[in-house]
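Me: I am new to this structure and would like to learn how to read its features one at a time. Could you take me through a few of them slowly?

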Amino acid sequence: MARYGMAIDYKLCINCKACEAACKEENAVALSKDSYRIWVGVKEAEGEFPNISIPSQTYYPGQCHHCDNAPCQSVCPTSATYYDENRVVRVDAKKCILCSYCISACPYDARYVDHKTLIVDKCDFCASRLAEGHTTTACQATCPTKVRIFGDLDDPDSEISKVLREREYRVVKPHLGTQPKLFYLL
């Protein structure tokens, strides 16, 4: 068993959207703006008028944070959202009743209704690729600037463990106590 996580070096992102396209292709996600497992956001202007600072174009790749204390999992009335053997937050399509509690509970906006499969879906770290023996996610494998680093957080020799030891990073909304396994490198 592994404990998978992902580090994102967002400063390397060029907003090419190759990760989004690869994810949609790999996971048969509908080609619509409302269907996404991962996304690339743009940093907005900061401050209040008239003191507004407009940062240089900064892109923020986002996705499910695969929290060790996932609010989406704890509110699911049917246990459709669950942890697999590698502590990846997954969705059991047979149990999902589209109640959308998980959408409301997720502080990272990582859940969406897939109108094709009729489930509330999210990133699963390409569980099907991992089951086939791949060691990378589709988004990581296709990124031309190597923004994403995926691997086993419990393996001290994994690339992600080495990067997290060597570089500063942050997690989003640490005050919530979700214990996310998505790390933004500084």
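**Reading contacts, burial and strand pairing**

Reply: Let us begin with a pair of side chains: Thr-81 and Arg-111 are joined through their side chains by a polar contact of 3.3 Å, and you should keep in mind throughout that this is a predicted model.

Me: Where is Thr-81 found, and is Thr-81 buried or exposed?

Reply: Thr-81 belongs to strand 6, which covers residues 81–83. A residue is called buried when its relative accessible area is under 20%, and Thr-81 is therefore buried, since its value is 2%. Leaving aside residues up to four places away in sequence, Thr-81 touches Cys-72, Gln-73, Cys-76, Val-89, Arg-90 and Arg-111.

Me: How should I read a residue in a loop, and which side chain makes a polar contact with that of Thr-178?

Reply: You can ask about a loop residue just what you asked about a strand residue. Thr-178 sits in the loop between strand 11 (169–170) and strand 12 (182–185), and with a relative accessible area of 3% it is buried. The side chain of Thr-178 makes its polar contact with the side chain of Tyr-108, at 2.7 Å. Among the residues that Thr-178 touches, not counting those up to four places away in sequence, are Cys-67, Asp-68, Pro-107 and Tyr-108.

Me: Which strands are joined to strand 12 by bridges, and in what direction do they run?

Reply: To read pairing, look at the bridges and then at the direction. Strand 1 (residues 4–8) runs parallel to strand 12 and is joined to it by 3 bridges, with Ile-8 having Tyr-184 as its bridge partner. Strand 11, in contrast, runs antiparallel to strand 12, with 2 bridges between them, and here the bridge partner of Tyr-169 is Leu-185.

Me: Which residues of strand 12 are buried on each side?

Reply: Strand 12 is covered on both faces: Leu-182 and Tyr-184 are buried on one side, while Phe-183 and Leu-185 are buried on the other.

Me: What does a residue look like when it counts as partly exposed, as Asn-15 does?

Reply: Partly exposed lies between the cut-offs of 20% and 50%, so Asn-15, at 23% relative accessibility, falls into that class. Asn-15 is found in the loop between strand 1 and helix 1 (18–27), and its side chain makes a polar contact of 3.3 Å with the side chain of Lys-17. The C-alpha atoms of Asn-15 and Tyr-59 are separated by 6.5 Å, although the two residues are 44 residues apart along the chain.

Conventions
Residues are numbered from 1 along each chain as its sequence is written. This is a predicted model: local features need pLDDT of at least 70, side-chain atom pairs count only at pLDDT 80 or more; totals for chains, interfaces and linings use all residues. Side-chain values use heavy atoms; hydrogens and water are left out. Helices (H or I, at least four residues) and strands (E, at least two) are DSSP runs, numbered from the N terminus. Buried means under 20% relative accessible area, exposed over 50%, partly exposed in between (1.4 Å probe, protein chains only). A polar contact is a pair of N or O atoms within 3.5 Å; within protein, one must be able to donate a hydrogen and the other to accept it, and residues adjacent in sequence count only if both atoms are side-chain atoms. Contact means heavy atoms within 4.5 Å. Two strands pair if DSSP finds at least two bridges between them.
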